Amino acid sequence: MEPVDAVKLAYQHAFGCGHLMPRMEDTQRMIQHEMDGIPEDASVPVSESIGGGLCRLNLAAPRVRALGALWIARMMRATEMEVLHRHSGDLLFTGALMDVEWAVQQGLTAFSLEDWKAYERFHRDLGRPVVSHSNAYREAYAPHYRVVLENFVDLLPVIEKLHDGKNLIVLDGPCGSGKSTLGRALAGMEWHAPLMMDDFFLPFDLRTEERLAQPGGNVHYERFRNEVLMHLDDGLITFNRYDCATGTLVEKKVRVDEVGVIEGSYSHHPFFDDIYDKRNALRVYVDVDPGEQLRRIQKRNPDMAERFRNTWIPLEKRYFEAYDIKDRADVIVKCTSPLREDDD
């Protein structure tokens with residue numbers, strides 16, 4: 001690695017793949033052209049983390065090649081939108097350059113501190129343009145990759161199923177497991193938002209003792225079926241979202257195109273089985289270790305951590321056990337990347 005390669009790594013860590021995103025058709029064609037020009041290599045890892053929830057997806061890896069250029073392009077599009085949400089790319093880039101300088105000072109690079117400072121100053125004076133790998137790096141590593149969210153590596157078992165004709169993906173699992181993170185990544189490949197079970201909490205006037213005694217009875221599953229599942233072919237679904245802050249129903253519209261994504265606890269409720277079976281839905285269980293679950297919840301919403309621990313986690317656990325939700329899932333995945341503060 002030479003200084004220019006370190007700058008490229010820092011840039012990708014901060015800004016992802018935005019500079020490589022022309023029209024979708026052009027992006028797909030560029031990826032296909034590159035894959036056609038390189039041999040498959042089973043020794044190459046599927047991905048290499050570059051921090052910030054991003055990774056380099058290696059185009060020579062057999063599992064990546066099997067996805068096809070279209071799905072890789074869609075991953076890049078979703079990654080671009082997620083990175084734009086950060087609003088802190090410049091700060092991340094500056095911090096990454098400082099990290100590189102620290103690594104050079106520790107003797108962890110093949111280039112000297114003098115060479116690094118000279119190139120870093122040169123790059124700054126040019127206005128921080130996008131750079132390409134050095135010839136030395138290309139000769140040593142033959143890099144052929146695309147920068148995407150690490151979440152897509154977690155989701156490979158799901159995306160691979162899309163080749164089998166699956167067009168409805170339903171993610172269930174404990175709070176704090178990363179369902180929202182993964183659901184947003186999947187839906188982002190289709191340019192729309194996921195449908196969320198959180199919009200269907202049971203209104204206060206329906207929270208009777210009898211209703212809450214049912215496993216999963218704390219969500220308005222009847223309304224979700226009638227207002228959402230019965231209209232998946234409409235393209236644009238209009239329904240009433242339950243606003244927990246006001247206790248009222250608010251109109252919401254969500255578009256569902258080629259692939260529909262539903263996420264949230266209780267989304268695998270047996271009340272929906274007939275519709276899921278008819279649509280050949282892919283049931284995904286997003287798992288999380290209990291300790292990691294509590295750590296994420298505490299970090300995301302410390303004021304509500306006790307409520308999660310004493311009320312919502314036990315309610316979910318009772319639902320999962322009553323209906324064998326994990327065992328009935330088609331795919332089990334874990335979200336290993338950092339979650340945003342608003343993620344479930």
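Student: How many bridges join strand β1 to strand β2?

Tutor: In this predicted model, strand β1 covers residues 47-51 and strand β2 covers residues 54-58. The two strands run antiparallel. One of the pairings sets Glu-48 opposite Arg-56 in β2. The number of bridges joining β1 to β2 is 4.

Student: Which residue in the hairpin of β1 and β2 takes a positive phi?

Tutor: The hairpin has 2 residues between its strands. A positive phi near 70 degrees is found there. The residue that takes it is Gly-52.

Student: In what order do the 5 strands of the open sheet stand?

Tutor: The pairing in this sheet is parallel. Strands β5 (195-196) and β10 (331-334) each have a single partner strand, so one side of each is left without a neighbour in the sheet. These two strands therefore stand at the edges. The order is β5-β8-β4-β9-β10.

Student: Which residue in β8 stands opposite Met-196?

Tutor: Strand β5 is joined by 2 bridges to strand β8, which comprises residues 260-263. These two strands run parallel. Opposite Met-196 in β8 stands Glu-263.

Student: What angle does the direction of helix α10 make with that of β4?

Tutor: Helix α10 is formed by residues 179-188 and packs on the sheet. The helix touches β4 (168-172), β8, β9 (282-287) and β10. Its direction makes an angle with that of β4 of about 165 degrees.

Student: Within what arc do the buried residues of helix α14 fall?

Tutor: In α14, which spans residues 290-300, Gln-293, Arg-296 and Ile-297 are buried. Their cover includes α15 (305-322). Seen down the helix axis, the buried residues line one face of α14, because they fall within an arc of 95 degrees.

Student: Which exposed residues does α14 carry on the face turned away from its buried side?

Tutor: The buried side of the helix includes Arg-296. The face turned away from that side carries two exposed residues, namely Gly-291 and Lys-299.

Student: Is Asp-26, the salt-bridge partner of Arg-23, buried or exposed?

Tutor: The closest N and O atoms of Arg-23 and Asp-26 are 3.3 Å apart. Arg-23 counts as exposed because its relative accessibility is 53%, and the cut-off for exposed is over 50%. Asp-26 has a relative accessible area of 17%, whereas buried means under 20%. Asp-26 is therefore buried.

Student: How many residues apart are Glu-34 and Arg-146, the pair that links distant parts of the chain?

Tutor: The side chains of Glu-34 and Arg-146 meet in a salt bridge, at 2.9 Å from N to O. Arg-146 is buried, with a relative accessible area of 9%. Glu-34 belongs to helix α2 (residues 24-36) and Arg-146 to strand β3 (residues 145-149). Along the chain, the two are apart by 112 residues.

Student: What separates the closest N and O atoms of Arg-128 and Glu-120?

Tutor: Arg-128 is partly exposed, with a relative accessible area of 24%. Glu-120, at 14% relative accessibility, counts as buried. The closest N and O atoms in the salt bridge of this pair are apart by 2.3 Å.

Student: Which residues do salt bridges that share partners join into one network?

Tutor: The structure holds 22 salt bridges. Those that share partners join into one network the residues Asp-273, Asp-277, Arg-283 and Arg-328.

Student: Which helix gives the largest share of the largest nonpolar core?

Tutor: This core has 47 residues, and those with the most contacts inside it include Met-75, Phe-152, Leu-186 and Val-284. Leu-186 touches, among others, Ile-169, Leu-171 and Val-261. The largest share of the core is 8 residues, and it comes from helix α4 (residues 69-84).

Student: How many residues has the other core, which includes Phe-224?

Tutor: This core lies apart from the largest one. Among its members are Leu-195, Met-197 and Tyr-319. The number of residues in it is 26.

Student: What is the phi of Asn-280?

Tutor: Asn-280 is found in the loop between α13 (273-278) and β9. The residue is partly exposed, with a relative accessible area of 37%. Although Asn-280 is not a glycine, its phi is positive, at about 55 degrees.

Conventions. Residues numbered from 1 in each chain as written. Predicted model: local features only at pLDDT ≥ 70, side-chain atom pairs only at ≥ 80, totals over all residues. Heavy atoms only, no water. Pairing = 2+ DSSP bridges. Contact = heavy atoms within 4.5 Å. Axes fitted to C-alpha atoms, helices over the stretch in contact; angles between N-to-C directions. Buried < 20%, exposed > 50% of the residue type's maximum accessible area, 1.4 Å probe, protein only. Arc of directions from axis to C-beta. Salt bridge = Lys/Arg side-chain N within 4 Å of Asp/Glu carboxyl O. Core = buried A, V, L, I, M, F, W, Y, C linked by side-chain atoms within 4.5 Å. Lists of a residue's contacts leave out its neighbours within four places in sequence.
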